[in-house]
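Subject: Structure handover

Hi there,

Here is the structure I promised to pass on to you. Have a look at it first, and then read on for my notes.

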Amino acid sequence: MTIVLHELALDRGILSSPYCWTVRFALAHKGLDYRAVPTNFTGIPSICGGGQKMVPVLEDGAKIVADSWAIAEHLEAAYSDRPSLFGGTLGRNYARFVLATCGTHVARAGVKVVVGEVYKSVQPQDRDYYRESRTQRLGMSIEEFTAAPAAERIAALRATLEPLRAVLKDQPFLSGAAPLYADYVAAGFLLWWRAASPERVFEKDDPLMPWFERMMALYPRIAKDSTRSWDGP
Ligand SMILES: N[C@@H](CCC(=O)N[C@@H](CS)C(=O)NCC(=O)O)C(=O)O
């Protein structure tokens, strides 16, 4: 039975959700085929008959799993005969730490860079929802939250990834010689910023770029479906 991944799409099919990208990496790592079904923000509550608040949501046969981490654990358990996503308990814990890091202050710095751009790019029927929900979450308007010059916001985001640079200075992937879930989490976040920001968030000579290029070279479907490149249109 085909696995179905419900993921977020902005206008023109732009895929920008970091957590959805991470699940795509996880499925590819496991060598699992899947059908990706795009949804818009206000379409999320109707996924799988209703009750969903966020994407990604995975349908695997009769099982419906929401939340990228829960999906990773599901895939690891259900497809234990395929390559491991974590490489054991320590790798699982390391991945969880990278997810917690990316999902907190890194994500907030990232939101500061892209929230205005995402607002411009959401599907037309999502515009009011997006503005209202973000104003509520941020505790201020999108304009107030992004009042600092773009260069300043981008510099602040770059600085949050210094720990990743420190690790990648000595090894090709965050997980060592080969990528595992920790790499997929971090690459998902870079894909979010790349899809959502018209400005180059990371300079070509940023030490993260060779790793990101290695990640992009791993799975052709992910490279093909990520609509924006920092090197071209
Ligand atoms: N903890 C969740 C977070 C998922 C999440 O934040 N999804 C966002 C898209 S990136 C979402 O669905 N947002 C819906 C909304 O803001 O209404 C996970 O890991 O899957």
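One definition to begin with: the expected span of a helix is 1.5 Å times one less than its number of residues. Please also keep in mind that this is a predicted model.

With that rule in hand, helix H4 is a quick check. H4 covers residues 127-138, and because a helix of its 12 residues should span 16 Å at 1.5 Å a residue, the 16 Å between its end C-alpha atoms agrees with expectation. Just after H4 comes glycine 139, which takes a positive phi of about 75°.

Now to the ligand, which I expect you will want to look at. Its shell has 13 residues, and the closest are Ser17, Tyr19, Met54, Asp67 and Ser68. Sorted by class, the shell is made up of 9 nonpolar, 3 polar and 1 charged residues. Which helices each supply at least two residues of this shell? They are helix H1 (18-29) and helix H2 (68-78).

H1 and H2 turn up again at the domain contact. The domain assignment splits the protein chain into domain 1 (3-78) and domain 2 (89-116 + 149-219). Taken over C-alpha atoms, the centres of domain 1 and domain 2 are 20 Å apart. Domain 1 puts 14 residues into the contact, and domain 2 puts in 12 residues. On the side of domain 1 that touches domain 2, H1 and H2 each supply at least two residues, with the largest share, 8 residues, coming from H1. By class, that side of domain 1 has 10 nonpolar and 4 polar residues, and no charged ones.

H1 has a further role in the layout of the chain: together with strands S1 and S2, H1 makes a right-handed β-α-β unit. S1 (residues 3-8) and S2 (residues 34-39) pair in the parallel sense, over 6 bridges. S1 also pairs with strand S3 (residues 57-60), in the antiparallel sense and over 3 bridges.

If you would like one residue to centre your view on, try valine 4. Its bridge partner in S2 is arginine 35, and in S3 valine 4 stands opposite glutamate 59. As general background for that view, side chains in a regular strand alternate between the two faces of the sheet.

To sum up, H1 is a good place to start: H1 supplies at least two residues of the ligand shell, gives 8 residues to the side of domain 1 that touches domain 2, and belongs to the β-α-β unit with S1 and S2.

Best wishes, and enjoy the structure!

Definitions and conventions:
Residues numbered from 1 in each chain as written. Predicted model: local features only at pLDDT ≥ 70, side-chain atom pairs only at ≥ 80, totals over all residues. Near = placed C-beta within 6 Å. Helix = DSSP H or I, 4+ residues; strand = E, 2+ residues; numbered from the N terminus. Nonpolar A, V, L, I, M, F, W, Y, C, P; charged D, E, K, R; others polar. Domains from an automatic or database assignment. Contact = placed C-beta atoms within 7 Å. Pairing = 2+ DSSP bridges. Right-handed = clockwise from strand over helix to strand, strands pointing away.
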